[in-house]
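User: I have a model open and would like to go through it with you. Can we start with a single residue and work outwards?

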Amino acid sequence: MTGIRFCAGLLAAAALLAPAQAAEPSAPLTLRDAVRASLAANPNLAGFAFELRAQDARTDAAGLRPAPTVSATVENVLGNGEHGGLNTAETTFALSQVVELGGKRQARIGAAQSGRELIAVTEQAAQLDVLAEVTRRFIHVAGDQEQLALTRNATALARETVQAVSARVNAAKAPDAELRRARITLARAEVEQEHAEHELGTSRRKLAAMWGDGEARFGAVTADLYTLPRPAPFESLLARLDANPDFVRFASEARLRDAEIRLAEAKRRADVTFSGGVRHLEETGDQALVFGLSLPLGAGRVAAPAIAEATALRGLTAARRDAAAVRAKAQLYALHQELRHAITETELLRGTVLPQMAGALDETRYAYERGRYGYLEWVEAQREFIAIRRSLIEAAVNAQVFQAEIERLTGEPLAAQP
């Protein structure tokens, strides 16, 4: 059920991402659409259905009782003297049945059912991995869309700069060298725009690969990177770790190991084999009934290594869970701190730094056109403006990715609805 809650969290996050203007004629893609497509067609999830079927078959096999055995024996034949040929042959037809003792059948069924539970929880963890990965790739596509828009703006700004410098050169107010440098800046901006287009195309294909599609058959992703999460307190996040399928899987594995221990201990009690049949005496033509009982010796000694192995594996499961818990807590703390920093950086850049830089850019251009500032001051102001906008996109992307990473660890939606 944890995976369902996590999916609900992602879909809730998708609702928070406000639609943006589509950049392509194809239908836009929401996070909700990407999640549904990935859950339905991700190649990494396809194998679990077969694993569950195979385990169901093992459970059916575990519930089968030992099959009866039919045997036929011929004695006192092909000897010498009076036992030559078949004259004194004794032919016995018998039916034997093993009677399991110690609850072995129930123990086998319990181990098989625990194995199925482990597969089911592992599938939920795999679904979490897919959901987290599709969220990361969706966010990166949204970030690359913003980066492409930024490079297009930078190209347009560089083109406007060429026009402004050209006007000053024609008016003999600036040397020709400034125009050459402005054209070089425009060329570099166009190269960066082309690179951004390639980056976006790559990230779109990576996203489409999450549902097994080799091409990105969708339009722009609809996301507002600047709708930031409101993270819960770290202590409340810690309390959610135990519900994560990764740790539920350890609990399921522990139950499987316990079932294996019970099965191994049940084998310390030997099974009894009963047999019965009919014996035909060729010499006299008489018939007689035959009954038998067999009980193997040393069953406890034979079962001891299996019990020791199952007990050791149970301890290994507990040790791995403790180690995973320590790692998860440390990772959760680091992600929580990084998320808070990314949110602070995004809010500061968007609310304070960028507006001031935009105003400074306008003032610098105004001063350049009137000869109070030189070309270098104006170009440097443009570079700072573009750099701040790029930093804002990166900070917003980081905040969204850190949110998704924490949701992967906790298995639940992180942010409160604003």
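**Notes on the model**

Analyst: Val 326 counts as exposed, because its relative accessibility is 59% (buried means under 20% relative accessible area, exposed over 50%, partly exposed in between, with a 1.4 Å probe and protein chains only).

User: Where is Val 326 placed?

Analyst: Val 326 is in helix H8, residues 299-369. Helices here are DSSP runs of H or I with at least four residues, strands are runs of E with at least two, and both are numbered from the N terminus.

User: What separates the C-alpha atoms of Val 326 and Gln 97?

Analyst: A distance of 52 Å, with the two positions 229 residues apart along the chain.

User: What sort of model is this, and how are things counted?

Analyst: This is a predicted model, in which local features need pLDDT of at least 70 and side-chain atom pairs count only at pLDDT 80 or more, while totals for chains, interfaces and linings use all residues. Residues are numbered from 1 along each chain as its sequence is written, and side-chain values use heavy atoms, with hydrogens and water left out.

User: What is the mean pLDDT of the protein?

Analyst: The mean is 85, and 90% of the residues reach 70 or more. pLDDT is the predictor's confidence in each residue, from 0 to 100.

User: Which elements have the lowest and highest mean pLDDT?

Analyst: Helix H1 (residues 2-16) is lowest with a mean of 38, and helix H5 (residues 176-208) is highest with 93. The pLDDT is below 50 over residues 1-25, a stretch that has 57 contacts in the model beyond near neighbours in sequence. Residues 414-418 are also below 50, with 18 contacts counted beyond near neighbours in sequence. Contact means heavy atoms within 4.5 Å.

User: OK, on to the sheet. What is the order of its strands?

Analyst: The order is S1-S2-S3-S4, in an open sheet of 4 strands with antiparallel pairing. Two strands pair if DSSP finds at least two bridges between them.

User: Which strands stand at the edges?

Analyst: Strand S1 (69-75) and S4 do; each has a single partner strand, so one side of each is left without a neighbour in the sheet. The twist from one strand to the next averages 20 degrees.

User: Take me through the pairs. How many bridges are there between S1 and S2?

Analyst: S1 and strand S2 (residues 90-99) are antiparallel and pair over 7 bridges. Ala 72 stands opposite Phe 93 in S2. S2 in turn pairs with S3 over 10 bridges, also in the antiparallel sense, and there Glu 90 stands opposite Leu 281 in S3.

User: And S3 with S4, how many bridges?

Analyst: 9 bridges join strand S3 (residues 272-281) to strand S4 (residues 286-294), and these two run antiparallel. Arg 279 has Ala 288 in S4 as its bridge partner. S3 and S4 form a hairpin with 4 residues between them, and in the turn Gly 285 has a positive phi of about 75 degrees.

User: Back to S2 for a moment. Is Ser 96 buried or exposed?

Analyst: Ser 96, found in strand S2, is buried, with a relative accessible area of 15%. Not counting residues up to four places away in sequence, Ser 96 touches Pro 68, Thr 69, Thr 273, Phe 274 and Ser 275.

User: Which residue other than glycine has a positive phi?

Analyst: Ala 172 has a phi near 60 degrees. For context, most residues other than glycine have a negative phi. Ala 172 lies in the loop between H4 and H5 and is exposed, with a relative accessible area of 69%.

User: How do H4 and H7 sit relative to each other?

Analyst: The axes of helix H4 (residues 104-170) and helix H7 (residues 245-266) come within 8 Å and cross at roughly 165 degrees. Axes are lines fitted to C-alpha atoms, for helices over the stretch in contact, with angles from 0 to 180 degrees between N-to-C directions. H4 and H7 are therefore roughly antiparallel (angles under 35 degrees count as roughly parallel, over 145 as roughly antiparallel, 65 to 115 as roughly perpendicular and the rest as oblique).

User: Last one: where is Tyr 373?

Analyst: Tyr 373 lies in the loop between H8 and helix H9 (375-410). Tyr 373 is partly exposed, at 41% relative accessible area. Leaving aside neighbours within four places in sequence, Tyr 373 is in contact with Thr 364, Ala 367 and Tyr 368.
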